[in-house]
Amino acid sequence: MAGQQNHVISSRIGIIGGGISGIAAAKQLSSYNPIVFEATDSIGGVWKHCSYNSTKLQSLRCDYEFSDYPWPERDNSSFPSHIQILEYLHSYATNFDLLKFVRFNSKVVELRFIEDREARDADGKPGEYGSLLAGRPVWEVAVQTDQSQDVQWYSFEFVVVCIGKYGDIPKLPVFPRNKGPEIFQGQVLHSLDYSKLDKEGVTHLLKGKKVAVVGFKKSAIDVAVECAEANQGPEGQACTMVIRTLHWTVPHYWVWGLPFSWFYSTRFSQFLHERPDQGMLRSLLCHLCSPMRRAVSKFIESYLMWKLPLHKYGLKPEHPFEEDYASCQMAILPDNFFSEADKEKIKFKRASKWWFWDGGIQFDDNTKLEVDVVVLATGFDGKKKLKAILHEPFRSLIESPSGVMPLYRSTIHPLIPNMAFVGYVESVANLHTAELRSKWLARLVDDRFKLPSVEKMIEKTNKEIEIMKKTTRFYKRGCISTYSINHSDEICEEMGWGSWRKKSWLSEAFSPYNSEDYKEN
């Protein structure tokens, strides 16, 4: 490692990342005075560093809040902007005095396990994970501050990794030789670079330019709308979305006059879906209910086909709506998306393969698109970000053969000692997911309950991955949305809480669950 290496600073718990998950973990572990390393000058994670001028929350306020800190005007049906979300997070962190734990501009560049394996095995029974707090430092963490090349080492008994799957490292397409961006005469940037532009910079980049946006998830849709808004009037140029895989989008959370939550976010609706450890009888019931699941998906699809001009623009996905919901890929459309398409400010090009030529993009149907700017909204490589700071043998354990990170209770890797991961499994409301798992983690650190054997944890994670694979072709995203209530039930039971959190059986069956239902008992 380059730079001067200073003496080691010891503490009990270290948390890497100051986004939603890192703040949630810091709150629940605050009695241990954790050190939180945040690589930038602000908390907020992707809301601070990967948001655009138009970025808004995809959930209602009541579905994206901490259980002990409700939003002001929490029943407001509008979606808050990323600025409002950051204000809410700062207010939460200030209210609970969490910022005192955060060391800003402190980038973790290496994690090193220093415990002797034989000594560790001697401390506990064979096949057991052991206590999270070892009683002595077992991890060393290398930190660079303020972009200095000097490295400060810290040592911890336990480390919580909260750097997430998004941001920092873009996922970039791979091109044949002499067909990449190096031969293009225009400008190419990833959505991560685009998010760093202020409003004036965005206008300068897009106005009067022929722009191609590669992708059709939320980031791509937001960039396309901003491009269209910057090119109003007769002199404005069109933005072309280059799409490989279509995904279902929704205009709002109502379907034929019914709340969307009725279809997937209640205990009754999730009863129709498979879950891990469901037993033979329940497996049979789920098999018998499969026509009902397909009917629900078709019902929602019928509304979207009626409400949105998907046929007109060739934007109807080939897979069922349920597969996008089960992989946490459903996106809320900006209000003016299709109105801009109607004005021909947003155009669409389907292509399974494409590459650059000096004047723009060429497609596998031998057509060419002449452009000045290409924005790659192609996602992020979260696993690469994690592997960059972990040594073997743990680096190769990050990804299972299925491509999903195997985490017990979405938090503990059975084969990586004295380390937890918060924010790596997705649900419809990631803040709620992170907070509840942080509560579970804090009680585990306190030794209020014990983990199952390593073998049983691996078996459990494998069953969850198999359910994901059965539910959606996009299972590698690691989403638990179709059985999230069951997942939370098991966490509550392990903590000694009651799993049924509502006040009546009627609301228990038919009301959606959110963070408010998981207040401290």
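These legends accompany a set of close-up views of a predicted model.

**View 1. The whole chain, before we zoom in.**
Let's start with the full fold, which holds 17 helices and 21 strands. The C-alpha trace spans about 70 × 60 × 45 Å along its principal axes. For 521 residues, a compact globule would have a radius of gyration near 24 Å, and the value for this protein, 24 Å, agrees with that. Of the 521 residues, 57% are buried.

**View 2. The disulfide between cysteine 328 and cysteine 479.**
Here the S to S distance is 2.0 Å, and a disulfide joins the two cysteines. The count for the model comes to one disulfide. Cysteine 328 sits in the loop between α11 (321-326) and β15 (331-332), while cysteine 479 sits in the loop between α15 (454-471) and α16 (484-495), so the bond ties together parts that are 151 residues apart in sequence. Which hand does this disulfide of cysteine 328 and cysteine 479 have? The torsion about the S-S bond is about 65°, so the disulfide is right-handed. Both cysteine 328 and cysteine 479 are buried.

**View 3. Cysteine 50 and cysteine 62, each with its closest cysteine sulfur.**
Why does the sulfur of cysteine 50 have no bond to the sulfur of cysteine 162? The cysteine sulfur closest to that of cysteine 50 is the one in cysteine 162, and at 16 Å it is too far for a bond; a disulfide needs the two sulfur atoms within 2.5 Å. Cysteine 50 is buried, with a relative accessible area of 18%. For cysteine 62, the closest cysteine sulfur belongs to cysteine 328, and the distance of 17 Å is again too far for a bond. Cysteine 62 is buried too, at a relative accessible area of 17%.

**View 4. A nonpolar patch on the surface.**
Five side chains are worth picking out here: Phe271, Leu281, Leu284, Leu285 and Leu288 make a nonpolar surface patch of about 500 Å². One of them, leucine 288, belongs to helix α10 (residues 279-307). Is leucine 288 buried or exposed? Its relative accessibility is 57%, so leucine 288 counts as exposed.

**View 5. Two hairpins in a row, β17 to β18 and β18 to β19.**
Strand β17 (residues 354-357) runs antiparallel to strand β18 (residues 360-363), and four bridges join them. These two strands form a hairpin with two residues between them. Look for tryptophan 357, which stands opposite glycine 360 in β18. On to the next hairpin: β18 pairs with strand β19 (residues 368-370) in the antiparallel sense, over three bridges. In this pairing, isoleucine 361 stands opposite leucine 369 in β19. Four residues lie between the strands of the β18 and β19 hairpin, where asparagine 366 takes a positive phi near 70°.

**View 6. The mixed sheet of four strands.**
This open sheet has the order β1-β7-β6-β5, and its pairing is mixed. At the edges stand β1 (9-10) and β5 (106-113); each has a single partner strand, so one side of each is left without a neighbour in the sheet. Strand β6 (residues 139-145) and strand β7 (residues 151-156) pair in the antiparallel sense over six bridges. Valine 143 is a handy place to follow the pairing, as its bridge partner in β7 is glutamine 152.

**View 7. The parallel sheet of five strands.**
Five strands in the order β4-β3-β2-β8-β21 make an open sheet with parallel pairing. Which are the edge strands? They are β4 (102-103) and β21 (419-421), each of which pairs on one side only. Strand β8 (residues 158-161) pairs with β21 in the parallel sense over three bridges. Valine 160 stands opposite alanine 420 in β21.

**View 8. Serine 30 and phenylalanine 101.**
Serine 30 lies in the loop between α1 (20-28) and β3 (35-37). With a relative accessibility of 28%, serine 30 counts as partly exposed. How far apart in space are serine 30 and phenylalanine 101, C-alpha to C-alpha? The distance is 8.3 Å, although the two residues are 71 residues apart in sequence.

Technical notes: Residues are numbered from 1 along each chain as its sequence is written. This is a predicted model: local features need pLDDT of at least 70, side-chain atom pairs count only at pLDDT 80 or more; totals for chains, interfaces and linings use all residues. Side-chain values use heavy atoms; hydrogens and water are left out. Buried means under 20% relative accessible area, exposed over 50%, partly exposed in between (1.4 Å probe, protein chains only). Patches are made of residues with over 30% relative accessible area and no salt bridge: like charges are joined within 9 Å, nonpolar side chains (Val, Leu, Ile, Met, Phe, Trp, Tyr) within 5 Å. Accessible areas come from the Shrake-Rupley method with a 1.4 Å probe; for residues, only the protein chains shown count as cover. A salt bridge is a side-chain nitrogen of Lys or Arg within 4 Å of a carboxyl oxygen of Asp or Glu. Two strands pair if DSSP finds at least two bridges between them. The radius of gyration is taken over C-alpha atoms; the globule rule is 2.2 Å times the number of residues to the power 0.38.
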